[in-house]
Amino acid sequence: SATELRSMTGHIVLGGISTTTNLLGNLLYRLLCDPELHACLRADPRLIPAAVEESLRLDPPVLFVMRICKRAVEMGGVAIEAGEQVLVGIASANRDEALFDDPDDYRLDRGLPRHISFSGGAHHCIGAGLARLVAQEATRAFVERFDVGDVALVPGFEFEGVPVFLEYGPARLDVEVFS
């Protein structure tokens, strides 16, 4: 219906703004804190897609999703009945030791993404491809424009997260530019 179409369009536009902003903020924060990563991506921009995926895996822009269980299952020794609500911790799932070697390490050699930062199945984020493209191109522009040390977080900068319960990203990145 027209109402559903307007609602879906609104969700895509509004949902994509904050999540893509958080994705970029998280990745830029990591680059500013890790000069070796910055140098690596500047030297080999072909690694930028892997950097975006690792940022999504370790620092997902959305922390939780709520789902309703369709059929009775057992997960991790816990019985979940059909119709029960389940809160999925994305950051936790993205660090599952059964799926990821060194799950807390930022690695560019993991291959195809297996994280659930864009959810999955029928609920897979419709804007995932666009968010990835925006993050890749913004990161590419950043590492091409700025060499390591050309831009840095201001002295004493402390990470402050966005004030939204379900989202994760820096509220701001205060930087100094030296070039």
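1. Start with Arg107. Its relative accessibility is 23%, so Arg107 counts as partly exposed. The cut-off for buried is under 20%, and exposed begins over 50%. Arg107 forms a salt bridge with Asp102. The closest N and O atoms of that pair are 3.1 Å apart. Asp102 is partly exposed too, with a relative accessible area of 42%. Keep in mind that this is a predicted model.

2. Next, Arg172 and Glu160. Their side chains meet in a salt bridge, at 3.1 Å from N to O. Where do the two residues lie? Arg172 is in the loop between strand 5 (151-153) and strand 6 (175-177), and Glu160 is also in the loop between strand 5 and strand 6. They are 12 residues apart in sequence, so the pair ties together parts of the chain with that separation. Arg172 has 39% relative accessibility and counts as partly exposed. Glu160 is partly exposed as well, with a relative accessible area of 42%.

3. Arg172 has another partner to check. The side chains of Asp174 and Arg172 meet in a salt bridge, 2.9 Å from N to O. Asp174 counts as partly exposed, at 27% relative accessibility. Elsewhere, Glu54, Arg57 and Arg110 are joined into one network by salt bridges that share partners. How many salt bridges does the structure hold? The count is 12.

4. Now the aromatic rings. A search of the whole structure finds five aromatic pairs. One of them is formed by Tyr29 and Phe157. Their ring centres are 6.2 Å apart, with 50° between the planes, and the pair is tilted. This pair links distant parts of the chain. Tyr29 is in helix 1 (residues 2-33), while Phe157 is in the loop between strand 5 and strand 6. In sequence they are 128 residues apart.

5. Are Tyr29 and Phe157 buried or partly exposed? Tyr29 has a relative accessible area of 23%, so Tyr29 is partly exposed. Phe157 is at 16% relative accessibility and counts as buried. The cut-off explains the split, because buried means under 20%. Tyr29 and Phe157 also belong to one aromatic cluster, together with Phe159 and Tyr168.

6. Phe142 and Phe146 give another ring pair. Their centres are 5.3 Å apart and their planes meet at 50°. Why is the pair called tilted? Planes under 30 degrees apart would count as stacked and those over 60 as edge-to-face, so the rest are tilted. Phe142 is buried, at 12% relative accessibility. Phe146 is buried too, at 16%.

7. Look at Phe100 as well. Arg57 lies over the face of this ring, 4.8 Å from the ring centre. The charged end of Arg114 also sits over the ring of Phe100, 5.1 Å from its centre. Arg57 is worth finding twice: here over Phe100, and in the salt-bridge network with Glu54 and Arg110.

8. Then the second largest pocket. Its volume is about 670 Å³. There are 19 lining residues, and the closest to the pocket centre are Arg67, Cys69, Met75, Val86 and Val88. Which elements give two or more residues to the lining? They are strand 1 (64-68), strand 2 (73-75), strand 3 (78-80), strand 4 (85-89) and helix 4 (90-93). Strand 4 gives the most, with three residues.

9. What kinds of residues make up the lining of that pocket? The lining divides into 10 nonpolar, six polar and three charged residues.

10. Last, the whole protein. It has five helices and six strands. From the N terminus on, the elements run α-α-α-β-β-β-β-α-α-β-β. The C-alpha atoms fill a box of roughly 60 × 45 × 30 Å, taken along the principal axes. Of the 179 residues in the protein, 30% are buried. Phe142 is among the buried residues, whereas Arg107 is partly exposed.

Conventions:
Residues are numbered from 1 along each chain as its sequence is written. This is a predicted model: local features need pLDDT of at least 70, side-chain atom pairs count only at pLDDT 80 or more; totals for chains, interfaces and linings use all residues. Side-chain values use heavy atoms; hydrogens and water are left out. On a 1 Å grid over the protein atoms alone, a cavity is a set of points where a 1.4 Å probe fits but cannot get out, and a pocket is an open set with protein on both sides within 12 Å along at least five of seven lines; lining residues have an atom within 4 Å of a point. Grid points are joined across faces, edges and corners, and a volume is the space filled by probe spheres set on the points. Helices (H or I, at least four residues) and strands (E, at least two) are DSSP runs, numbered from the N terminus. Ala, Val, Leu, Ile, Met, Phe, Trp, Tyr, Cys and Pro count as nonpolar, Asp, Glu, Lys and Arg as charged, and the others, Gly among them, as polar. A salt bridge is a side-chain nitrogen of Lys or Arg within 4 Å of a carboxyl oxygen of Asp or Glu. Buried means under 20% relative accessible area, exposed over 50%, partly exposed in between (1.4 Å probe, protein chains only). Rings of Phe, Tyr and Trp (its six-membered ring) pair if their centres lie within 6.5 Å; planes under 30 degrees apart count as stacked, over 60 as edge-to-face and the rest as tilted. A charge sits over a ring if NZ of Lys or CZ of Arg is within 6 Å of the ring centre and within 35 degrees of the ring normal.
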